[in-house]
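Me: Could you take a close look at the salt bridges in this one and walk me through them? I'd like the pocket that comes second in size as well.

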Amino acid sequence: MRADGFAKWTRRFEDERERRHAQGDPDWARGARLHPAVWASVQRFQVGEDGDGANLVGKADRTGDADYAQAVRLFVAEEQNHARLLAGLLAAGGMPTLTGHWSDTAFVRLRRLMGLRLELLVLMIAEVVALRYYRALRDGVRDPLTSEVAGRILSDEQRHVPFHCERLHASLAQLPRPVRRPVMTLWRLPLLAASLVVAADHGPALRRLGVGRLRFVADVMASSAAVVSAVLAPRPDAWSNADL
């Protein structure tokens, strides 16, 4: 890891926060019109984006790396902003938010049982699945407001993945070299399971967005190869959004 460590990520998150403030919110007054299946899907993802992130922040604090801990706080703030944007989109379409969903509850409970390394591996599953979902939502609707909101969130997620890759790279470096690749190979198995669950749960919406269930799963698994390479690479910051 270079001398500036995670300080560069803090700067990137802060720069993005300033850019976001200057840009302002989407024009919610335009309203939004989506198929009921897509609305239901957005509602479930909104629940998944919502949360205070206190457990992750606490684990980041315990690493003793102040720059990393601050970057995690800024990451959590971006995730909370995603929940706010999706809630705004739902309100623009006259749709309520959900108070919870079984998949998010199970996912959060699983993460909280783990140390930082395993929590990040589980979190990365959600991030990689989200990349494909928000790309499908951005490109698969004719509603301008929905496309804008999905595009904003997707842009953030494309930064979140390399951020977590860099921390995982440092974490796995503490393991014996022969163990590192098998760990990431095994990581792809729960990713496959999660993508199958999402494809089944959101299948009607995905079809409306022009992405079948099998294609969604195949695309998620194809993109995971770039994640594995980034985590195991000598320079985890050597990342291109084209990989996603």
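Reply: Here's a walk through the salt bridges, followed by the pocket.

Before the details: this is a predicted model, so local features need pLDDT of at least 70 and side-chain atom pairs count only at pLDDT 80 or more, while totals for chains, interfaces and linings use all residues. Residues are numbered from 1 along each chain as its sequence is written, and side-chain values use heavy atoms, with hydrogens and water left out.

Take a salt bridge as a side-chain nitrogen of Lys or Arg within 4 Å of a carboxyl oxygen of Asp or Glu. The count by that rule is 14.

Let's start inside one helix (helices are DSSP runs of H or I with at least four residues, numbered from the N terminus). Arg19 pairs with Glu16, N to O at 2.6 Å. Both sit in helix H1 (residues 7-23), three residues apart, which puts about one helical turn between them. For exposure, buried means under 20% relative accessible area, exposed over 50%, and partly exposed in between, using a 1.4 Å probe and protein chains only. Glu16 is buried at 11%, whereas Arg19 is partly exposed at 39%.

Next come pairs that bridge helices. Asp201 and Arg44 form a salt bridge with their closest N and O atoms 3.3 Å apart. Asp201 belongs to helix H8 (residues 177-201) and Arg44 to helix H2 (residues 36-49), so this contact ties together parts 157 residues apart in sequence. Asp201 is partly exposed at 24%, and Arg44 is partly exposed at 25%.

Glu78 and Arg159 also meet in a salt bridge, 3.0 Å from N to O. Here Glu78 is in helix H4 (residues 66-92) and Arg159 in helix H7 (residues 144-172), so parts 81 residues apart in sequence are tied together. Glu78 is buried at 1% relative accessible area, and Arg159 is buried at 17%. These two also belong to a salt-bridge network with Arg20 and Asp156.

Now the second largest pocket (on a 1 Å grid over the protein atoms alone, a pocket is an open set of points where a 1.4 Å probe fits, with protein on both sides within 12 Å along at least five of seven lines; lining residues have an atom within 4 Å of a point). Its volume, the space filled by probe spheres set on the points, is about 190 Å³. The lining includes His169, Arg177 and Leu232. H7, H8 and helix H10 (213-232) each supply at least two lining residues, and H8 gives the most, with three.
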